[in-house]
Amino acid sequence: RGPIEDICEIVPAWPDAMTEDEWLEARKLGIGGSEIGTICGLNPYQSKYNLWACKKNLVEGFKGNEATDLGHLLEPAVAERYATVTNSAIVTWPVILRPKANGFMSGNVDRFIVTPSDDFPAGKVTYWETTEPPPRIIALLECKTGGMVSPGKPQEWFVGGASIPPSYELQGHWYLASTGLDRIEYAALLGGHGFQTRTLLRDDDMIANLMDIVSEFWNTNFLGNVEPELDGTESTEETLTERYPRSVEGITVDGGAPLMDAWLDLELAKVKFKDAEADKKLARSKVVAILGDAEYGISDGV
């Protein structure tokens, strides 16, 4: 560990230095913090197979939606709120950090917390546009939003009390590993819960485990061109549909036993699905028949 400028290659990513499309392409050159949850199987919106296909340019990557657009729009306000509430000196430093010791690591940290000074006053957010790090960095700051468009999963911030959603926790450890720092703060604006803050301290055992898992994905799947194992997620199914949108006339593939096994599994799954749908309709019919036109129903007084 040491100063960020000694640990990392610093790539400017502010608007005059890099366009949005260039930034998206640059992300494919390594593994960023927001992708760690996917590799570890904790991202309900993206599978490891989809991440691999995106990085191999086999399918188009996620371009965002209303939730991510609003999150991006509200991020500066969340940072401002954190600065005010905690009386901290916050710095917006839009760069990509690439640790020199591990070529596949990449970090796009939201904000940095520094020791207050005349240049970086407490309670304020300062913009820093240079490849030289802001002086006296003491911690990192991640700004999150949830429940702005849909109910989301704000309960993940309150498991067993105050907690951090697992994918965000892994993202934090990745950034601490990338920068050599010991602490990351989270500022979250959650629908129905307002403004929340959390603290995550460096865990070297966790970081070592992450390095093993991510190294395997990078070396085997990405560099070694080994497709990740298929799963039953919607993300993987949509990825395969995008890769192979239609059949090509005149091409035949001899899939052998694996193809026959997969086909039989598919037919069996169709039967199970049909039976499950029938069971659901039967159960629902029984409930309706018992309730009749009643507004409420009780069972043994409950």
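Start with the second largest pocket of this predicted model. Select Leu230, Asp231, Thr236, Glu237 and Leu240: of the 15 residues that line the pocket, these lie nearest its centre. The space in this pocket comes to about 520 Å³. Next, colour helix H8, residues 234-243, together with H9; each supplies at least two residues of the lining.

Stay on helix H9, which covers residues 256-291, and select Leu264, which lies in it. Is Leu264 buried or exposed? Neither label applies: its relative accessible area is 48%, and exposed would need over 50% while buried would need under 20%, so Leu264 counts as partly exposed.

Now add Met260, Trp263 and Leu266 to the selection. With Leu264, these residues make a nonpolar surface patch of about 420 Å². Showing the four as a surface brings up the patch as one item.

Move on to strand S6, residues 137-146, and pick Ile138 within it. The relative accessible area of Ile138 is 39%, which makes this residue partly exposed as well.

Which residues does Ile138 touch, once its neighbours within four places in sequence are left aside? Select Ile113, Val114, Thr115 and Arg183: each is in contact with Ile138.

For the last stop, keep Ile138 selected and add Arg198. A distance drawn from C-alpha to C-alpha between the two should read 16 Å. Along the sequence, Ile138 and Arg198 are 60 residues apart.

Notes: Residues are numbered from 1 along each chain as its sequence is written. This is a predicted model: local features need pLDDT of at least 70, side-chain atom pairs count only at pLDDT 80 or more; totals for chains, interfaces and linings use all residues. Side-chain values use heavy atoms; hydrogens and water are left out. Patches are made of residues with over 30% relative accessible area and no salt bridge: like charges are joined within 9 Å, nonpolar side chains (Val, Leu, Ile, Met, Phe, Trp, Tyr) within 5 Å. Accessible areas come from the Shrake-Rupley method with a 1.4 Å probe; for residues, only the protein chains shown count as cover. A salt bridge is a side-chain nitrogen of Lys or Arg within 4 Å of a carboxyl oxygen of Asp or Glu. Helices (H or I, at least four residues) and strands (E, at least two) are DSSP runs, numbered from the N terminus. Buried means under 20% relative accessible area, exposed over 50%, partly exposed in between (1.4 Å probe, protein chains only). Contact means heavy atoms within 4.5 Å. On a 1 Å grid over the protein atoms alone, a cavity is a set of points where a 1.4 Å probe fits but cannot get out, and a pocket is an open set with protein on both sides within 12 Å along at least five of seven lines; lining residues have an atom within 4 Å of a point. Grid points are joined across faces, edges and corners, and a volume is the space filled by probe spheres set on the points.
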